[in-house]
Every structure is written in C-alpha cells, then in structure tokens.
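This report looks at how the nonpolar interior of one protein model is put together, and then turns to the surroundings of individual residues.

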Amino acid sequence: MIVREYRSEDCEELLRLFYGTVHAVNARDYTKEQLDAWATGKEDAVRWDASLRAHYALVAEESGKIVGFGDIDKTGYLDRLYVHKDFQGRGIASALCDRLEERAEGKIVTHASVTAKPFFERRGYRAVREQRVERNGVFLTNYVMEKMKP
C-alpha cells in the first residue's frame, strides 16, 4: 500500500468509495433512510474536489486502486476518513490517520459516526458530545471527538 497526496483526478473514485463504504460498513449502525441521506450517490464532485484541495488530503492505493482516503484542515479538523468496504481491517485507516494527525498542531477534532467511534477511541480520542445532525431532512447520530497532540 502507498499513501500519497490527493489529486483532482481521484475525486470520482473517492465519491464511489464513499458511497460504497457508507452503504456497506455503516449499515450495521444506521437505517437505510439514514444511509441514503448521508451518501446520496449524487454528491457534488466540484465541491468535494475544492474541499479536498483546500485541506491536506491523502489517498491510500493498493495495486493502483484507491482503497481509502482522508483529509484534515488547517485548524486540526479531521473531516473525512473512509476505507473501501472490501479493504476494512487492514490498517489503512490507521496509516491515513497517522499521516493526517502529523499535520495537526494541538487539538484534533472529528465528527465520528457510531461505526467509527471505537476506532477513534482506540487512537486516544475522547467523545466530547453526542449529536444529531440533519442530512437531507434525516437525522443521524454522530460524536464530536477530540485528541490533544503531545
């Protein structure tokens, strides 16, 4: 596996990975209605690309296939972290997170899904609060989590 910086030409593949991961991996913790609201399959590629380019964004590749991605902004907000549904449990999220966290100074904050919360807890994040967020008229539970860098 190689981890490299995001390129605009990655965006469409990232959107497919995002949709597939949310609908497969997060299905154990969220309803179909919630999954459909979270990942519609009609995400705005131009907006995603602009956001990923504005952040420090990384992709993980295996044999030329993108198997994960993540990004963090200048404030230490870890925005996205997704691993392909067929590549779960192989250390990809940890490898991405290690590199993203290196960029942060001080506090790192993320909004973790119910599914991702245990992963972040194992990395030393603590849940600050549970929240209900609205996506396309549907409410989903997630957790504001933070970690202080030493």
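In this predicted model, the largest nonpolar core comprises 22 residues, and those touching the most other members are Ile72, Leu78, Leu81, Ile92, Cys97, Phe120 and Tyr125. At least two residues of this core come from each of the elements E2, E3, E4, H4, E5, H5 and E7, with helix H4 giving the most, namely five residues. Such an arrangement may be read against a general tendency: in soluble globular proteins, nonpolar side chains tend to be buried together. Apart from this core lies another one, made of 20 residues, which include Leu35, Trp48, Val59 and Phe69.

The elements that supply the largest core are bounded as follows.

| Element | Residues |
|---|---|
| Strand E2 | 56-62 |
| Strand E3 | 65-72 |
| Strand E4 | 77-83 |
| Helix H4 | 92-103 |
| Strand E5 | 107-113 |
| Helix H5 | 117-122 |
| Strand E7 | 138-148 |

Two residues may be followed through their contacts, leaving aside neighbours within four places in sequence. For isoleucine 92, the contacts beyond that range are Met1, Ala60, Val67, Gly68, Val83 and Phe87. Lysine 117, which is found in helix H5, is in contact beyond that range with Ala112, Ala127, Tyr143 and Met145. Between lysine 117 and valine 144 the C-alpha to C-alpha distance is 9.4 Å, although 27 residues separate the two in sequence.

As for annotation, an unreviewed UniProt entry lists residues 1-150 under "domain: N-acetyltransferase". Within the model, that span is 33% helix and 36% strand, and its end C-alpha atoms lie 28 Å apart.

Definitions and conventions
Residues numbered from 1 in each chain as written. Predicted model: local features only at pLDDT ≥ 70, side-chain atom pairs only at ≥ 80, totals over all residues. Heavy atoms only, no water. UniProt positions renumbered as here; feature names shortened; annotations may be inferred. Helix = DSSP H or I, 4+ residues; strand = E, 2+ residues; numbered from the N terminus. Contact = heavy atoms within 4.5 Å. Core = buried A, V, L, I, M, F, W, Y, C linked by side-chain atoms within 4.5 Å. Buried < 20%, exposed > 50% of the residue type's maximum accessible area, 1.4 Å probe, protein only.
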